[in-house]
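Here is a colleague's note to read beside the model, written as numbered points. Please keep the structure open and find each residue as it is named.

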Amino acid sequence: MSKHPHDHGDDHSELDEMDLRVRALESVLTEKGYIEPAALDALIDTYQTRIGPRNGARVVARAWVDPAFRDWLLADATAAIASLGYTGRQGEHMVAVANSDDQHHMVVCTLCSCYPWPVLGLPPTWYKSAPYRSRAVRDPRGVLADFGTVLPETTRIRIWDSTAEVRYLVIPQRPAGTEHLGEEELAALVSRDSMIGTRLADAPGQGSQP
Ligand code: FE
């Protein structure tokens with residue numbers, strides 16, 4: 001584990017310290033009446049579940065409708081994703097992995113919270129939590145069940161451990177009954193969690209998941 005490369009500038013200890021400083025600042029600003037904690041929470045939620053992951057969802061939808069793009073994405077995710085305009089820190093070396101009936105992919109960062117910011121935005125709290133980081137490797141089916149995801153016993157599960165060098169994007173399977181949908185409608189079915197691999201893409205009319 002000591003070889004696990006996590007030498008990025010926002011590693012665990014610095015994140016903790018930053019977190020403490022942000023919380024202290026937030027309390028002071030709240031006491032003085034400058035900010036509303038509820039408004040801040042709403043802002044963070046927006047980046048975690050709405051704006052950020054919409055980029056990844058568009059990448060997935062394009063891969064669903066365009067086989068050449070899908071091939072490119074699987075061969076060189078960094079370049080394919082950049083062609084849609086999604087580039088930046090924590091996304092310099094992307095790898096895309098595609099789910100199938102035989103193989104399901106799930107992403108974790110066992111040591112901290114490495115996450116592909118340009119396509120998924122900010123990591124959700126559970127992704128950074130110790131239980132997810134340890135159980136994803138030890139008991140992936142148990143974790144999936146907690147998310148309401150039950151896969152056939154014949155589906156193998158592969159866990160990808162994010163590092164400072166490589167960030168992963170899961171391409172969920174295109175749901176059945178979506179042949180008539182356009183790219184934007186398809187993207188709406190691609191939840192954040194389906195691109196981490198803890199859920200499947202939403203079925204049409206299911207209502208959107210995080
Ligand atoms: Fe990490």
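1. Helices and strands are DSSP runs numbered from the N terminus, a helix having at least four residues and a strand at least two. With these labels, Gln-90 can be placed in the loop between H4 and strand E1 (94–98). Please bear in mind throughout that this is a predicted model.

2. What is the phi of Gln-90? Most residues other than glycine have a negative phi, and against that background the backbone here deserves a second look. Gln-90 is not a glycine, and yet its phi is positive, about 65°. Gln-90 also counts as buried, because its relative accessibility of 7% falls under the 20% limit for that class.

3. Ala-79 belongs to helix H4, which covers residues 77–82, and with a relative accessible area of 26% Ala-79 is partly exposed. Between the C-alpha atoms of Ala-79 and Glu-92 there are 9.4 Å in space, while 13 residues separate the two in sequence.

4. A similar description can be given for Pro-37, which lies in helix H2 (residues 37–65) and is partly exposed, its relative accessible area being 31%. Pro-37 and Ser-27 are 10 residues apart along the chain, and their C-alpha atoms are separated by 8.8 Å.

5. How many aromatic pairs does a search of the whole structure find? The search finds seven. In one of them, Phe-69 and Trp-72, the ring centres are 6.2 Å apart and the planes stand at 85°, so the pair is edge-to-face, a term used for angles over 60 degrees. Both residues lie in helix H3 (residues 67–75), three residues apart, which is about one turn of the helix.

6. Are the two members of this pair buried or partly exposed? Phe-69 counts as buried at 5% relative accessibility, whereas Trp-72, at 37%, counts as partly exposed. Phe-69 has a further neighbour to check, since the charged end of Arg-62 sits over the ring of Phe-69, 5.9 Å from the ring centre.

7. Trp-126 and Tyr-132 form another aromatic pair that is edge-to-face, with 5.0 Å from centre to centre and 75° between the planes. Trp-126 is partly exposed, with a relative accessible area of 21%, but Tyr-132 counts as buried at 5% relative accessibility. Because the limit for buried is under 20%, the 21% of Trp-126 places this residue in the partly exposed class. Trp-126 and Tyr-132 also belong to one aromatic cluster, in which they are joined by Tyr-115, Tyr-127 and Phe-147.

8. On the cysteines, recall that a disulfide is a covalent bond between the sulfur atoms of two cysteines. The structure holds zero disulfides. Cys-112 is buried, with a relative accessible area of 4%, and Cys-114 is buried as well, with a relative accessible area of 2%.

9. Finally, please look at the second largest pocket, in which about 280 Å³ of space lies. Which residues lie nearest its centre? They are Ser-100, Asp-101, Leu-151, Gln-173 and Leu-200, out of a lining of 18 residues. Sorted by class, that lining has eight nonpolar, seven polar and three charged residues.

Methods
Residues are numbered from 1 along each chain as its sequence is written. This is a predicted model: local features need pLDDT of at least 70, side-chain atom pairs count only at pLDDT 80 or more; totals for chains, interfaces and linings use all residues. Side-chain values use heavy atoms; hydrogens and water are left out. On a 1 Å grid over the protein atoms alone, a cavity is a set of points where a 1.4 Å probe fits but cannot get out, and a pocket is an open set with protein on both sides within 12 Å along at least five of seven lines; lining residues have an atom within 4 Å of a point. Grid points are joined across faces, edges and corners, and a volume is the space filled by probe spheres set on the points. Ala, Val, Leu, Ile, Met, Phe, Trp, Tyr, Cys and Pro count as nonpolar, Asp, Glu, Lys and Arg as charged, and the others, Gly among them, as polar. Rings of Phe, Tyr and Trp (its six-membered ring) pair if their centres lie within 6.5 Å; planes under 30 degrees apart count as stacked, over 60 as edge-to-face and the rest as tilted. Buried means under 20% relative accessible area, exposed over 50%, partly exposed in between (1.4 Å probe, protein chains only). A charge sits over a ring if NZ of Lys or CZ of Arg is within 6 Å of the ring centre and within 35 degrees of the ring normal. A disulfide is a pair of cysteine sulfur atoms within 2.5 Å.
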